[in-house]
Structure formats: C-alpha cells, structure tokens
Amino acid sequence: MNVTRRQLLSVMAATAAGTLQTFARAGMPVERFPERPISLWVPWPAGGATDITLRLLAELAGRQLGQKVLVVNRGGAGGTLAMPVLQQAAPDGYTIAQMPRPVFRAPHIQQVAWDPIRDTTPILQLSGVSFGVLVAPSSELNSVDALLRFAAARPGELTIATNGFGTTPHVALDELFARHGLSYVHVPYKGTAEQLVAVAAGQVMAGVNSSGFAPFVDTGRLRLLATFGAARSRRWPDVPTMRELGHEIIAMSPYGLAGPRGLPPSVVQTLHDAFRAALLAPEHVAELARYEQEVAYLGSADYGRSMREAFEHERRATERQGR
C-alpha cells in the first residue's frame, strides 16, 4: 500500500493527540513545565537583604527556566506568612516559597493550621544567615555587657528590636536575658530594612538581626557589638562572638525553597536545576557576600532531611524552655 509523507504525518499527529488525551484522562501532566510565570513567595517585606538576594536569584533562575519568576512579598508573623500560601496552592510548580527558620519553630509555640513538613515539597537549600547585636553609632551602650547592666539598673526601659515575634533573633534574645534573670522590651518589626532604620535613628536602643545589616555597619550607620556565629566573622574580625563574651549562644539560620505538598518529581527536578544554576552564578554569589552570606547548597533529598531535623530541633528547644 502506498502511503504519502503527508498521510504518514497525519497518522502520527493523530496518534500523539490520542496519547495526550489518554494522559489527561488519567490525570497525568501533559504540558511542558513551566509554561507560564512562577510565583516565589518571600515572607519578608521588600528591601531587606533576603528580599534583595532572592530577587536576583529569581531573575537568574527565570533565565534558566525560560519563564519569569515573580517575587511576591508577604511580610509579618515572624516570617511564616508564606506557609498558608503553600498549603493552599496547587502542586503544579507555579507557587514556591522561601523557608526561613521560624516556619519550623512556630508550630511548637503557637497554634497554626499548617505543618512545614507535611505541607511542603523541598526543592533545595540556598544559603544561611548569621546574626548580630546592633546599636546606633552615637549610643552609649557600647557592649553587650552594657546592655545587660542597663537592663539591671533600669528595668522595663531597655528597648530592643528584632525582625518579628518568634524569629531566631527574638528567641536568642529571650535566652540571653532569661539566663541573667533580666527583661527587655521587645519591639518586633515586619522585616530587616525598617528595623535597621529604626535602630540607626535611635527609635529603639538596640537591635538584633541577620547579617543583612552588613551595609549599615560598613557605612558607619550602625555599630556591631557582637555576632552569634560559632567563630568571628572574617568581615568584622574585631567584633567578638556571643560565645567569646561568655554567653554560650550560637544562632545560625539556613534557608531554602519549597513547593506545595505533592509536587511531581519532574517539576521538582526542573526547579532544582534552574535555581541551583542561579545560586552558583558569580553575580549571585557576589550579592550574597554583600550581606556576609555564603552558598550553603543542599539538594532536594538532603534539604528535606535538614528540614525534618530543624523541625525536631525546634520541638526539643521549645520543650526545654517550657513554652
């Protein structure tokens, strides 16, 4: 039987269409991913270090994916407001979010409807932040001990800002002052940028925040009294750690990206590969360095294990503190 080329192509096209219809009826994805822009939810206000670095990361990942990655800010509630978004989103890869440390802590200290392990699919770990104690350059409180002495001498007057209730800086501060039997007035802000401006302007007496404060310190707008890392910062080698000062508190906060529960493995792999390439791009590495951060990459499986470990660590820590 003679079959023309046109007839053969027509038969092949019909067969392919029938196969796609079969996949669709079976609930299997048939479209190439991604076919439209992706939303990256950042649970902090615009303008902070995390927002700035993630915006560059999103731009670079978008080039890899062939679609834009749009950053959506949802600040407040100590960095946990992206979790309800993930919980309710379709598992199609078009909604992803940053996973900061507070999402693993919040379920142990307050009632929430979401679970950071049950309701997510890990994609990759990106980086992490360290923390420091900051005051305005003109402040007479020129050391951590000076803050503690002020709190002892004038109860109820020492105001210290953090980037939100339940964040790592807030927890570290509570631990520090509880160890000394002292109190302070906690002033929570929605994010880093407005908090640092408030400390620099003297609206609050001190602040504890992530290494997003680096440009403020480097330009003399804030004075760094101590850091919470295990060792001194290479950027500010003259600044002591809290451990060196005898307070035995180390606070670090890795973070990564996750999608909703049930994200297909092929979609996870596509997102992972694009964001890993963006993470390691020289311009992104340089942007992280501006804020005293480094690449702390973990693949999807390893990041999932790290998330579970963080959730369990926060549970034990909460139990020890009797919350």
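Let me start with Pro-215, which, once residues up to four places away in sequence are set aside, touches Arg-221, Arg-290 and Tyr-291. What we are looking at is a predicted model, so please hear everything that follows as a description of that model. Pro-215 sits in helix α8, which covers residues 214–218, and it counts as buried because its relative accessibility is 19%, where the limit for that class is under 20%. There is also a long-range relation to mention here, in that Pro-215 and Glu-292 are 77 residues apart in sequence, while their C-alpha atoms are 9.6 Å apart in space.

That leads me to the chain as a whole. In this chain, residues 24 or more positions apart account for 75% of the contacts that have a separation of 6 or more. The secondary structure comes to 11 helices and 10 strands, and of the 323 residues, 50% count as buried. The accessible surface comes to about 15,300 Å², and 54% of that area belongs to carbon and sulfur atoms.

Now to helix packing, where I would like to follow α2, residues 49–65, through two of its contacts. With helix α10, residues 282–290, the axes come within 10 Å and cross at roughly 175°. An angle over 145 degrees counts as roughly antiparallel, and therefore α2 and α10 are placed in that class. On the α2 side the residues are Ile-52, Thr-53, Leu-56, Leu-57, Leu-60 and Arg-63, and these meet Glu-283, His-284, Glu-287 and Leu-288 of α10. Sorted by class, this contact has 5 nonpolar, 2 polar and 3 charged residues.

With helix α9, residues 265–280, the axes of α2 come within 8 Å and cross at roughly 125°, which makes α2 oblique to α9. The handedness of the crossing between α2 and α9 is right-handed. From α2 the contact draws on Leu-57, Leu-60, Ala-61, Gln-64 and Leu-65, and from α9 on Thr-270, Leu-271, Ala-274, Phe-275, Ala-277, Ala-278 and Leu-279. Here the division by class is 10 nonpolar, 2 polar and no charged residues. If you are following on the structure, Leu-57 and Leu-60 appear in the contact with α10 and again in the contact with α9.

Let me turn next to a charged residue, Glu-314, which lies in helix α11, residues 300–320. Is Glu-314 buried or exposed? At 6% relative accessibility, Glu-314 counts as buried. Leaving aside its neighbours within four places in sequence, Glu-314 is in contact with Arg-101, Phe-104, Arg-105 and His-108.

I will finish with the backbone, and with three places in loops. A cis peptide bond joins Phe-33 and Pro-34, with omega at about -5°, and Pro-34 belongs to the loop between α1 (5–25) and β1 (38–42). Ala-77, in the loop between β2 (69–73) and α3 (83–88), has a phi near 55°, which is a positive value in a residue other than glycine. Glu-248 likewise has a positive phi, of about 50°, although it is not a glycine, and its place is the loop between β8 (223–227) and β9 (252–260). With a relative accessible area of 46%, Glu-248 is partly exposed, whereas Glu-314, as I said, counts as buried.

Technical notes:
Residues numbered from 1 in each chain as written. Predicted model: local features only at pLDDT ≥ 70, side-chain atom pairs only at ≥ 80, totals over all residues. Heavy atoms only, no water. Axes fitted to C-alpha atoms, helices over the stretch in contact; angles between N-to-C directions. Helix = DSSP H or I, 4+ residues; strand = E, 2+ residues; numbered from the N terminus. Parallel < 35°, antiparallel > 145°, perpendicular 65-115°, else oblique. Contact = heavy atoms within 4.5 Å. Nonpolar A, V, L, I, M, F, W, Y, C, P; charged D, E, K, R; others polar. Buried < 20%, exposed > 50% of the residue type's maximum accessible area, 1.4 Å probe, protein only. Areas by Shrake-Rupley, 256 points an atom, 1.4 Å probe, with all protein chains shown as cover. Left-handed = near helix turned anticlockwise from the far one by under 90°.
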